[in-house]
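Reader: Got a minute to go through this one with me? Let's pull it up and start with the fold.

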Amino acid sequence: MVFVPLLAFDWKGNRIGYEKGYYDRFLAGCKSEVVKVGLSFFKAHDEFLPKETTDVGLDYVVTPEKIYYFWQKIFLLKNNKIPTPIEMALSATLNTYSKKV
């Protein structure tokens with residue numbers, strides 16, 4: 001799990017950071033099963049933020065009022081049900097475990 005500071009984020013898990021690209025480069029080198037969590041004082045932007053080709057999306061954003069999760073990047077269950085954070089965590093854990101066995 002990696003915690004990432006940010007200035008703004010949208011409903012797709014895109015973020016605007018501090019414009020240096022440090023976190024995007026770091027996240028790009030992480031394994032796919034690493035959970036990426038943004039930390040923000042503000043709610044999600046209603047409009048989608050511009051995205052660069054090098055930007056890495058988030059799995060969650062934690063604000064003082066709410067936890068946002070971005071399921072489209074991780075899952076779309078076979079029955080088209082949006083998974084809960086618990087289902088996502090269990091699935092990520094099982095996928096990680098099954099790759100080690």
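Reader: So how many helices and strands are in the chain?
Author: Three helices and six strands. Keep in mind that this is a predicted model.

Reader: And in what order do the elements run from the N terminus?
Author: They go β-β-β-α-β-β-β-α-α.

Reader: What share of the contacts join residues at least 24 apart?
Author: That's 56%, counting contacts between residues at least 6 apart in sequence.

Reader: OK, inside now. How much of the chain counts as buried?
Author: 32% of its 101 residues. The largest nonpolar core has twelve residues, among them V2, V4, L6, F9, L27 and V34. A44, V56, L58, V61, Y68 and F70 belong to that core too.

Reader: Stick with V2 for a sec. What is V2 in contact with, leaving aside neighbours within four places?
Author: F26, L27, C30, V34, V35, K36 and V37. Of those partners, L27 and V34 are also listed with V2 in the core.

Reader: Switching to M1: where does M1 sit in the chain?
Author: In the segment before β1, which covers 2–5.

Reader: Is M1 buried or exposed?
Author: Exposed, because its relative accessible area is 65% and the cut-off for exposed is over 50%.

Reader: Which residues join M1 in a nonpolar surface patch?
Author: F3 and L39. Together the three have about 340 Å² of accessible area.

Reader: And how much does the chain expose in total?
Author: About 7,200 Å², with carbon and sulfur atoms supplying 62% of it.

How values were computed: Residues are numbered from 1 along each chain as its sequence is written. This is a predicted model: local features need pLDDT of at least 70, side-chain atom pairs count only at pLDDT 80 or more; totals for chains, interfaces and linings use all residues. Side-chain values use heavy atoms; hydrogens and water are left out. Patches are made of residues with over 30% relative accessible area and no salt bridge: like charges are joined within 9 Å, nonpolar side chains (Val, Leu, Ile, Met, Phe, Trp, Tyr) within 5 Å. Accessible areas come from the Shrake-Rupley method with a 1.4 Å probe; for residues, only the protein chains shown count as cover. A salt bridge is a side-chain nitrogen of Lys or Arg within 4 Å of a carboxyl oxygen of Asp or Glu. Helices (H or I, at least four residues) and strands (E, at least two) are DSSP runs, numbered from the N terminus. Buried means under 20% relative accessible area, exposed over 50%, partly exposed in between (1.4 Å probe, protein chains only). Contact means heavy atoms within 4.5 Å. A nonpolar core is a set of buried Ala, Val, Leu, Ile, Met, Phe, Trp, Tyr and Cys residues joined through side-chain atoms within 4.5 Å.
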